[in-house]
Amino acid sequence: MIKFANVTKEYDDGFQAVKSLSFEIEKGELLVLIGPSGSGKSTTMKMINRINPHSSGTITIGGKDIKSYKVSELRRNIGYVIQQIGLFPHYTIEKNIAIVPQLKGWDKEDIKARVIELLEMVGLDPEVHMNRYPKELSGGQQQRVGIARALASNPEIILMDEPFSALDPLTREQLQAELITLHKKLKKTIVFVTHDIDEALKMGDRIAIMKDGKILQLDTPEKLLHDPAHGFVEEFTGKHRIIQNPNLMPVTEIMAETIVTSLPHRSPEKAISLIRQRKITNLFIQDDETKIARYRICI
Ligand code: ADP
């Protein structure tokens, strides 16, 4: 869907923020770009809608070079959500969401119906919120409007630059979950920049780990955790993340390697003391020397 071929971005001062990047974002996937500050995530994303035009190489969308589009045409077909929300303060919520459909010359009635549909989609009551101004909404509600606005003209692609990083942890988690649901339903191609590895693991179909203007590994969350291609990737994802993301964890990660057994004629006190001593929660009772136990004591 979106293909980078040897793409380099050199800023005016000669600094190469992105170095000969080649990778592909598949149609309908949510691809996360992650890496330390200054690794080139935002630059990579902003080259897609030409906010930061690339210096060399080729970026294509659906096989067509992005340079062959007029910039305004390209941007109208790519939704864009940023951290600072970017709503126009003097426009009502309705007007804010209606901007791109209006530019595209949609019918007034169609725009209104679309605004109502979008507000409902992002969990805001249209009757309550449509005529309000951005400052009358909480940060989380404003960010929902930001998402609704990015979806307004039904673009195939949505770029999200740290969209939730200014939100409190609870609102953030809620919006992450809602975006996952929305993505499953709408099947848009989403490029999502974050510096938060937990967010990346939760959201991404695939994750590109960037450092110094390059992608070190582009893989599924499972592969990144279990098969890091690079020491930096392992360090960045951190082994403990496996425990924090049990959905990404095979059961072998938490399986006890040996089981502790006792014999049927032993007293319960002995069994319990063994459980405490070995810091286990399950003690298996063995029938004889070879047969695996049929009973289990749990505390
Ligand atoms: P990230 O999003 O990963 O934090 P950026 O893509 O914003 O990184 O920036 C990558 C590198 O490019 C950084 O070292 C940054 O200082 C540099 N950079 C960004 N914008 C400019 C600019 N306009 N001029 C020169 N260097 C820039």
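**Exercise 1. Apart from neighbours within four places in sequence, which residues is Gly79 in contact with?**

Solution. Once the neighbours within four places in sequence are set aside, Gly79 is in contact (heavy atoms within 4.5 Å) with Ala150, Pro155, Ile157, Ile158 and Leu159. The model is predicted, so that local features need pLDDT of at least 70 and side-chain atom pairs count only at pLDDT 80 or more, while totals for chains, interfaces and linings use all residues. Residues are numbered from 1 along each chain as its sequence is written, and side-chain values use heavy atoms, with hydrogens and water left out.

As a next step, place Gly79 in the fold: the residue lies in strand β6, where strands (E, at least two residues) and helices (H or I, at least four residues) are DSSP runs numbered from the N terminus. Gly79 is buried, with a relative accessible area of 5%; buried means under 20% relative accessible area, as computed with a 1.4 Å probe on protein chains only. Finally, Gly79 and Leu159 are 80 residues apart in sequence, yet their C-alpha atoms are 6.0 Å apart in space.

**Exercise 2. Determine the strand order of the six-stranded sheet, and describe the helices on this sheet.**

Solution. The six strands form an open sheet in the order β6-β7-β8-β3-β9-β10, with mixed pairing; two strands pair if DSSP finds at least two bridges between them. At the edges are β6 and β10 (214-219), each of which pairs on one side only. Neighbouring strands in this sheet are turned against each other by 15 degrees on average, with direction ignored.

Within the sheet, β3 (residues 30-34) and β8 (residues 189-194) pair in the parallel sense over five bridges, and the bridge partner of Leu30 in β8 is Ile190. Helix α7 (residues 169-186) packs on the sheet and touches β3, β7 and β8, its direction making about 160 degrees with that of β8. For such angles, axes are lines fitted to C-alpha atoms, for helices over the stretch in contact, and the values run from 0 to 180 degrees between N-to-C directions. Helix α6 lies across β6 and β7 (157-161), running at about 165 degrees to β6.

**Exercise 3. Characterise the largest pocket and the largest cavity by volume and lining.**

Solution. Begin with the terms: on a 1 Å grid over the protein atoms alone, a cavity is a set of points where a 1.4 Å probe fits but cannot get out, whereas a pocket is an open set with protein on both sides within 12 Å along at least five of seven lines, and lining residues have an atom within 4 Å of a point. Grid points are joined across faces, edges and corners, and a volume is the space filled by probe spheres set on the points.

The largest pocket has a volume of about 420 Å³. Its lining comprises 20 residues, of which Arg75, Ile78, Tyr80, Val100 and Arg149 lie nearest the centre, and the largest share, five residues, comes from β6. By class, the lining of this pocket divides into 12 nonpolar, five polar and three charged residues; Ala, Val, Leu, Ile, Met, Phe, Trp, Tyr, Cys and Pro count as nonpolar, Asp, Glu, Lys and Arg as charged, and the others, Gly among them, as polar.

Turning to cavities, a search of the whole structure finds one of 30 Å³ or more. The largest cavity holds about 70 Å³ of space, and its lining includes Val81, Ala150, Ile158 and Ile190. Helix α7 gives the most to this lining, with four residues, and the lining divides into 10 nonpolar, one polar and one charged residue.

Methods
Buried < 20%, exposed > 50% of the residue type's maximum accessible area, 1.4 Å probe, protein only.
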